[in-house]
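Biologist: I have a chain to go through with you. Let us take it from the overall fold down to single residues.

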Amino acid sequence: MISRKRKSSAYCDPECKALKKALADLYGVKSENVFLSNGSDDILNFAFMVWGKNGAIFPDITYGFYTVFCDLHGVKYTQYPLKDDFSIDAEDYIGKKEFAVIANPNAPTGMTMEMSDIEKIIASNPERVVLIDEAYVDFGGESALPLTEKYDNVLVCQTFSKARSLAGARLGFAIGSKALIEDLDLIKYSTNPYNVNRLTQKAGEYAVEENEYYVNNCRKIMENREYTVGELKRLGFTVTDSKANFIFVKSDRIGGEELYKALKDRGVLVRHFTKERIKDYNRVTIGSREQMEKFISCVTDILKGE
């Protein structure tokens, strides 16, 4: 009884050794190449803090927290405009000295970069760090993880919130060279070394053990995404080539805000953006087939004026 009580009152393992090993085995790397933290946002926060001293660069339409972290840590940043088709122009990031952050798939478009372009960016300046934010990669994207074995200046960041359905547990991980992981560890142990609690670590271990279950879930999401894209195109929508668990859509028959409000009135929530370039678009999260059929039915009625 005493030993059991002592064990339950002890702090959680700050190194997350068991979960690190599980992830290392899953992705074919060493434990020293894995960093775990309280959600991938925590990792992004640390990354801007550590490597942003020479500035940061990222697209003008991407995950909104990048600018928040820059403002928090006084990091000067440059945002490069996406091309007309919403793709990222690799040339904007080649040979630059600033810390580069690329969400792949990107948000909110869901579009991906060719891995050859990502490698060109990484290889163009070995002295600066490139972070590839792969929060949505499991829904059909190609991971840059193999590049971490080839280059010391690339960090790949992923999360348990999306494909592994553990958003409430707050768990993220990064894979990179030993030197990059040590940089992140330095910040972690200087702030909150116990930022991944024992229950979250266990949940993460079980999720890795049941990886095939989550792979199958992602497959279902991709199937439902293709169904939804096909139905929206049939209704005349423009849809980006998303490899995420959401799609980015617009219609010439109704404005983005008007559609957003009409769907909300029917109990269907999508994400609307007010930024000028994308104000006619909405981001639609992919759910079950039943949910997507309901969404399509509502959109059809709205376009009919019903």
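Biologist: What radius of gyration does the chain have, set against that of a compact globule with 306 residues?
Modeller: Note first that this is a predicted model. With 306 residues, a compact globule would come out near 19 Å. The value for the chain agrees with that, so the comparison holds at 21 Å.

Biologist: Along the principal axes, what box do the C-alpha atoms fill?
Modeller: The box is given along three axes, and its sides are rough figures. The C-alpha atoms of the chain fill roughly 65 × 55 × 30 Å.

Biologist: How many helices and strands are there in the chain?
Modeller: Both kinds of element are present. Helix α7 is one of the helices, covering residues 198-209. The full count is ten helices and eleven strands.

Biologist: What share of the contacts with a separation of 6 or more joins residues 24 or more positions apart?
Modeller: Take the contacts in the chain with a separation of 6 or more. Then keep those between residues 24 or more positions apart. Their share is 68%.

Biologist: What percentage of the residues count as buried, and what part of the exposed area do carbon and sulfur atoms supply?
Modeller: Of the 306 residues, 52% count as buried. The chain exposes about 15100 Å². Carbon and sulfur atoms supply 48% of that area.

Biologist: How far apart are the mean positions of the positive and negative charges?
Modeller: The chain has 42 positive and 45 negative charges. Each set has its own mean position. The two means are apart by 5 Å.

Biologist: Why does Cys16 form no bond with the closest cysteine sulfur, and how many disulfides are there?
Modeller: A disulfide needs two cysteine sulfur atoms within 2.5 Å. The closest cysteine sulfur to that of Cys16 is in Cys12, and 6.9 Å is too far for a bond. For the chain, the disulfide count is zero.

Biologist: Are Cys16 and Cys298 buried or exposed?
Modeller: The cut-off for buried is under 20% relative accessible area. Cys16 has 1% relative accessibility, so Cys16 falls below the limit. Cys298 has 5%, and therefore also counts as buried.

Biologist: Where does Met113 lie, and is Met113 buried or exposed?
Modeller: Met113 sits in the loop between β4 (99-103) and α5 (115-124). Its relative accessibility is 9%. That is under the 20% limit, so Met113 is buried.

Biologist: Beyond its neighbours within four places in sequence, which residues is Met113 in contact with?
Modeller: Val154 is 41 residues from Met113 along the chain, and their C-alpha atoms are separated by 15 Å. The contacts of Met113, leaving aside those sequence neighbours, are Ile88, Ala90, Ile102, Asn104, Ile118 and Ile121.

Biologist: Which peptide bonds lead into Pro105 and Pro108, cis or trans?
Modeller: Most peptide bonds are trans. From Asn104 to Pro105, omega is near 5 degrees. From Ala107 to Pro108, omega is near 10 degrees. Pro105 lies in the loop between β4 and α5, Pro108 is placed in the loop between β4 and α5, and the bonds into them are cis.

Biologist: What is the sign of phi at Ser165 and Arg170, positive or negative?
Modeller: Most residues other than glycine have a negative phi. Ser165, in the loop between β6 (154-159) and β7 (172-175), has phi near 55 degrees. Arg170 is placed in the loop between β6 and β7, with phi of about 60 degrees. For Ser165 and for Arg170, the sign is positive.

Biologist: How do Ser165 and Arg170 count: buried, partly exposed or exposed?
Modeller: Exposed means over 50% relative accessible area. Ser165 has 52%, so Ser165 is exposed. Arg170 has 30%, which makes Arg170 partly exposed.

Biologist: What separates Glu209 and Lys17 in space, C-alpha to C-alpha?
Modeller: Glu209 belongs to helix α7. At 57% relative accessibility, Glu209 is exposed. Glu209 and Lys17 are 192 residues apart in sequence, and in space they are apart by 15 Å.

Biologist: Leaving aside neighbours within four places in sequence, which residues does Gly140 contact?
Modeller: Gly140 is in the loop between β5 (130-133) and β6, and at 39% is partly exposed. Arg219 is 79 residues away along the chain, with 8.5 Å between the C-alpha atoms. The contacts of Gly140 are Met222 and Lys243.

How values were computed. Residues numbered from 1 in each chain as written. Predicted model: local features only at pLDDT ≥ 70, side-chain atom pairs only at ≥ 80, totals over all residues. Heavy atoms only, no water. Helix = DSSP H or I, 4+ residues; strand = E, 2+ residues; numbered from the N terminus. Rg over C-alpha atoms; globule rule 2.2 N^0.38 Å. Buried < 20%, exposed > 50% of the residue type's maximum accessible area, 1.4 Å probe, protein only. Contact = heavy atoms within 4.5 Å. Areas by Shrake-Rupley, 256 points an atom, 1.4 Å probe, with all protein chains shown as cover. Lys, Arg positive; Asp, Glu negative; His and termini not counted. Charge placed at Lys NZ, Arg CZ, Asp CG, Glu CD.
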